[in-house]
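Colleague: Could you please take a close look at one part of this chain and describe how it is placed within the whole? A connected account, suitable for a first-year student, would be appreciated.

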Amino acid sequence: MAVPKRKMSRSRTRSRRAQWKATTVDLVTVRAPGGTVEVPRRLVRAVERGLVDVEALRR
């Protein structure tokens with residue numbers, strides 16, 4: 001593991017952390033038994049197999 005040789009200042013640390021930004025999840029349109037629903041890509045198979053309650057996703 002890398003070990004810093006010197007202490008990093010608070011302003012430098014905080015400005016580095018401020019660059020991180022969360023991104024929104026891409027939604028995919030899926031045909032479910034009750035109609036079409038937009039879900040995250042990781043849930044597509046679960047919706048197709050009926051493992052996820054589609055009505056809860058529509059709210």
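Modeller: Let us begin with the order of the elements. In this predicted model, the chain follows the pattern α-β-β-α-α when it is read along the sequence. It therefore holds three helices and two strands, each of these being a DSSP run numbered from the N terminus.

The part chosen for a close look is helix α1, which covers residues 10-17 and includes Arg-16. Arg-16 has a relative accessible area of 46%. Because partly exposed residues lie between the 20% limit for buried and the 50% limit for exposed, Arg-16 counts as partly exposed. Arg-16 also belongs to a patch of positive charge on the surface, in which it gathers with Lys-7, Arg-10, Arg-12, Arg-14 and Arg-17.

Helix α3 may be described in a similar manner. This helix covers residues 54-58, and Glu-55 is found in it. Glu-55 has a relative accessibility of 43%, so Glu-55 is likewise partly exposed. The C-alpha atom of Glu-55 is separated by 9.2 Å from that of Val-37, although the two residues are 18 residues apart along the chain.

Finally, the whole chain deserves attention. The C-alpha trace spans about 60 × 25 × 15 Å along its principal axes. The radius of gyration of the chain is 21 Å, whereas a compact globule of 59 residues would have one near 10 Å. Of the 59 residues in the chain, 17% are buried, and buried here means under 20% relative accessible area.

Key:
Residues are numbered from 1 along each chain as its sequence is written. This is a predicted model: local features need pLDDT of at least 70, side-chain atom pairs count only at pLDDT 80 or more; totals for chains, interfaces and linings use all residues. Side-chain values use heavy atoms; hydrogens and water are left out. Patches are made of residues with over 30% relative accessible area and no salt bridge: like charges are joined within 9 Å, nonpolar side chains (Val, Leu, Ile, Met, Phe, Trp, Tyr) within 5 Å. Accessible areas come from the Shrake-Rupley method with a 1.4 Å probe; for residues, only the protein chains shown count as cover. A salt bridge is a side-chain nitrogen of Lys or Arg within 4 Å of a carboxyl oxygen of Asp or Glu. Lys and Arg count as positive and Asp and Glu as negative; His and the chain ends are not counted. The place of a charge is taken as NZ of Lys, CZ of Arg, CG of Asp or CD of Glu. Helices (H or I, at least four residues) and strands (E, at least two) are DSSP runs, numbered from the N terminus. Buried means under 20% relative accessible area, exposed over 50%, partly exposed in between (1.4 Å probe, protein chains only). The radius of gyration is taken over C-alpha atoms; the globule rule is 2.2 Å times the number of residues to the power 0.38.
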